[in-house]
Amino acid sequence: PVAEAWIPQVERIVGAYRLLGVAGATVARLDIDEVTPGIAHATVTWSLHTASGDPVYDFTASYTLADLPEGTRIVVIAHDETPKLLAAVARAGGV
């Protein structure tokens, strides 16, 4: 879809991050495998944290990357963040 189609989803995630005090993320683990020349699969475990460094939660995301004429692009994303985000928001009293 066009970039504008992602705006509501991004705004919801950013709003939830604000509620939870998320100030940053670090890569806790990164695994990259070449599938074919020009296609790779990356699995990233992200650790979200507050400004004071307190952990918020970790989640894992799987990215399929492809070398396209306009450059390397993420063409598929799968992740386990949604239930973790919803649970954290509920604990924070946001839902």
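**Notes on a predicted single-chain model**

1. Of the 95 residues that make up the protein chain, 22% count as buried. This figure, like every other value in this note, belongs to a predicted model, and it should be read with that in mind. The accessible surface of the protein chain comes to about 6,400 Å², and 62% of that surface belongs to carbon and sulfur atoms.

2. On the overall arrangement, the protein chain has two helices and four strands. Following the sequence from its beginning, a reader meets these elements in the pattern α-β-β-β-β-α, with a helix at each end of the pattern and the strands between them. Taken along the principal axes, the box filled by the C-alpha atoms of the protein chain is roughly 45 × 30 × 20 Å.

3. A further point concerns how parts of the sequence meet in space. If one takes the contacts in the protein chain between residues at least 6 apart in sequence, 33% of them join residues at least 24 apart. Points 7 and 8 below look at single residues and their contacts.

4. Which residues make the nonpolar surface patch of about 270 Å²? The patch is made by Trp6, Val10 and Val14. Trp6 lies in the segment before α1, the helix that covers residues 7–20. With a relative accessible area of 47%, Trp6 is partly exposed, because the exposed class begins only over 50%.

5. On charge, the protein chain carries 6 positive and 11 negative charges, and the mean positions of these two groups are 8 Å apart. Side chains of opposite charge can pair when their charged atoms come close. In this model the count of salt bridges comes to two. One of them joins the side chains of Arg29 and Asp31, with a distance of 2.7 Å from N to O. Arg29 is exposed, at a relative accessible area of 52%, whereas Asp31 is partly exposed, at 31% relative accessibility.

6. The side chains of Asp80 and Lys84 also meet in a salt bridge, here with 3.3 Å from N to O. Asp80 counts as partly exposed at 29% relative accessibility, and Lys84 likewise counts as partly exposed, at 32%. Why does the distance between Asp80 and Lys84 qualify as a salt bridge? The pair qualifies because the distance of 3.3 Å from N to O falls within the cut-off of 4 Å.

7. Leu65 is placed in strand β3, which covers residues 55–68, and at 23% relative accessibility this residue counts as partly exposed. Which residues does Leu65 touch, not counting residues up to four places away in sequence? Leu65 touches Gly38, Ile39, Ala40, Ala42, Thr72, Arg73 and Ile74. Leu65 can also be placed relative to Asp31, one of the salt-bridge residues of point 5: the two are 34 residues apart in sequence and 13 Å apart in space, C-alpha to C-alpha.

8. Is Ala88 buried or exposed? Ala88, which is found in helix α2 (residues 81–91), is buried, with a relative accessible area of 6%. Leaving aside its neighbours within four places in sequence, Ala88 is in contact with Leu20 and Tyr57. Of these partners, Leu20 belongs to the range given for α1, residues 7–20, and Tyr57 belongs to the range given for β3, residues 55–68. The C-alpha atoms of Ala88 and Tyr17 are separated by 9.7 Å, although these two residues are 71 residues apart along the chain.

9. Ala3 offers a last example, from the segment before α1. At 56% relative accessibility, Ala3 counts as exposed. Ala3 and Thr64 are 61 residues apart in sequence, and their C-alpha atoms are 19 Å apart in space.

Conventions: Residues numbered from 1 in each chain as written. Predicted model: local features only at pLDDT ≥ 70, side-chain atom pairs only at ≥ 80, totals over all residues. Heavy atoms only, no water. Buried < 20%, exposed > 50% of the residue type's maximum accessible area, 1.4 Å probe, protein only. Contact = heavy atoms within 4.5 Å. Areas by Shrake-Rupley, 256 points an atom, 1.4 Å probe, with all protein chains shown as cover. Lys, Arg positive; Asp, Glu negative; His and termini not counted. Charge placed at Lys NZ, Arg CZ, Asp CG, Glu CD. Patch = residues over 30% accessible without salt bridge, like charges linked within 9 Å, V, L, I, M, F, W, Y side chains within 5 Å.
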